[in-house]
Amino acid sequence: MSPALRVLFVTSEIAPWQKTGGLGDISSALPEALARAGVEVRILVPAYPALPLAFPDARPIAEIPPPGGRLPASRLLQAATPGGVPLLLLDCPACFERPGGPYQSPRGGDWPDNALRFGLLSRVAALLASNASPLVWRPDILHCNDWQSALAPAYLHYLHGGGAATVMTIHNLAFQGLFPPSTLADLGLPQSAFVFDGVEFYGHLSCLKAGLQFADRITTVSPTYAREIQQAELGFGLDGLLRHRSAVLSGILNGVDARWNPATDPLLTKHYDAQHLAAKEANRRALRAELGLIGDVTAPLLAVVSRLTHQKGMDLLLAIADQLLDGPAEAQLVVLGNGERGFEAGLRALAARHPGRVAAMIGFDERLAHRIEAGADIFLMPSRFEPCGLNQLYSLRYGTPPVVRATGGLADTVTDCTPEALRAGLATGFVFGPPDASALLAAASRAIDAWGKRRLWRRLQRNGMSMDFSWAKAAADYLDVYRAARAARDIAAASGPEYNGG
Ligand code: ADP
């Protein structure tokens, strides 16, 4: 039997301890699925205050002196996730022991030293993937995620002349980690890296570009998004590089975590599955009571759980909300989210205009998100772009058919309720094309009409609930990418020092 593949998975967030979005969910679920598939995987994540609190028995395993530039000293603590995956906590109080989120202060602005904080994460990841690692355990693959760990392949290239094969996953191309050129020296990267085929991007240092330039393989989180980011419209200036590297770029859909299962979810009032959908009603009643919704209990309850941003189409939602609520179905709406202040204020004003019929829950509340998925009738996700999207997957699984825009992972996971798709047993939701308010209103109205047709609605719910979004499938696809990355690295080693990726 060949030895297990060793993977170091580097991430800037991990659920449930530190999460701002989908990356947090993926960082706990994918490594555990990889471990179940026989991969020897370890996770490297900054020791934000929540982590040492959650793992008080984490033990120090290595001291890392200042690794160059203005990067500070750090140490590694080792713990293990509840699923048994070793967790390496990057302990550097000066960088990570602070209030607020992983990227922003409690007042909402980006931390001014984010380049150094995530430069350190990337630098240590590269160290652990190189021959200079202080650990005996050496990965075959370094798997980086988003800009926060994307400098690691560049560090391996410029400072170590190689090491583990590298895979770079894009969870959202819109966030790139752009910093002034002077940051290069602070990060301990050579001036020679500040070139077109290095880390330079229109006069700035781009962390994400570094990863895309130097990784052996690039993945993103849906096949459609993998195509979309190679076009100018959603390429954020990196579409040219991504087209250049298209032979090593692929899309792998995220899975759904076992915690999101209406048959076992401990946060629900009553469990249900595709064969026992009547029990969903108890969750609906409990949710309406919890949110203080009053009036017609037979009115459809629409829901949104989202970051409140332009990307997520929250302006489109606000543009149609009054019309939707004043329509003949007298729909009700719950929105759980936080983000841009203007959208938060707009939602509060909407709730004030429709007392007892709109619940604007401004904040981040994981537990409420579960109850909303179970208790709502229809889920709205009008994203302008969506690399994969998790909430439409949760909605499908919870029998809450989603209304989505045909973009990225939404296009790959939701099938529009056309007569043909219904006959074929494939329809799972409502899909619209143009990113405008009238298209959203038309799709949401179609959903409300269909909701009124009980047998049709049950079919739609059951179609969605029977879809397979298992992490085991995603893990198998990542394994193929890891093997390809290692093969590319072996070829590189045999070809001499000039070779530089695909
Ligand atoms: P993104 O990562 O772009 O924010 P995803 O759909 O991939 O979008 O993932 C969002 C994740 O964050 C989901 O697990 C969703 O339930 C959760 N989420 C987003 N906003 C909130 C909120 N305000 N409260 C609770 N969970 C939220």
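**Exercise 1.** Which strand supplies the largest share of the shell around the ligand?

*Solution.* Keep in mind that you're looking at a predicted model. Start with the elements that each give at least two residues to the shell: α1 (22–36), β13, β14, α14 (366–375) and α15 (391–397). Now pick out the top contributor: β13, with three residues. Next, sort the shell by class, which gives six nonpolar, seven polar and six charged residues. Finally, look for the nearest of the 19 residues around the ligand: Gly22, Asp25, Arg307, Gly363 and Leu390.

**Exercise 2.** Find polar atoms of the protein that lie close to ligand atoms, using a cut-off of 3.5 Å.

*Solution.* Begin with Gly363, where a backbone N or O atom sits 2.8 Å from a ligand nitrogen. Then go to Asn391: an N or O atom of its side chain is 3.2 Å from an oxygen of the ligand. Tyr394 has a polar side-chain atom 3.4 Å from a ligand oxygen. To round this off, check the cover: the ligand alone exposes 560 Å², and the protein buries 93% of that.

**Exercise 3.** Trace the six-stranded open sheet and work out why β15 and β18 each have one side without a neighbour in the sheet.

*Solution.* Walk across in the order β15-β14-β13-β16-β17-β18, where the pairing is parallel. At the edges you meet β15 (358–362) and β18 (430–432); each has a single partner strand, so one side of each lacks a neighbour in the sheet. From one strand to the next, the twist averages 20 degrees. Now add helix α12 (residues 314–326), which packs on the sheet and touches β13 (301–308), β14 (332–339), β15 and β16 (378–381). The direction of α12 makes about 160 degrees with that of β13.

Key:
Residues are numbered from 1 along each chain as its sequence is written. This is a predicted model: local features need pLDDT of at least 70, side-chain atom pairs count only at pLDDT 80 or more; totals for chains, interfaces and linings use all residues. Side-chain values use heavy atoms; hydrogens and water are left out. Two strands pair if DSSP finds at least two bridges between them. Helices (H or I, at least four residues) and strands (E, at least two) are DSSP runs, numbered from the N terminus. Axes are lines fitted to C-alpha atoms, for helices over the stretch in contact, and angles run from 0 to 180 degrees between N-to-C directions. Contact means heavy atoms within 4.5 Å. A residue is near a molecule or strand if one of its heavy atoms lies within 4 Å of it. A polar contact is a pair of N or O atoms within 3.5 Å; within protein, one must be able to donate a hydrogen and the other to accept it, and residues adjacent in sequence count only if both atoms are side-chain atoms. Accessible areas come from the Shrake-Rupley method with a 1.4 Å probe; for residues, only the protein chains shown count as cover. Ala, Val, Leu, Ile, Met, Phe, Trp, Tyr, Cys and Pro count as nonpolar, Asp, Glu, Lys and Arg as charged, and the others, Gly among them, as polar.
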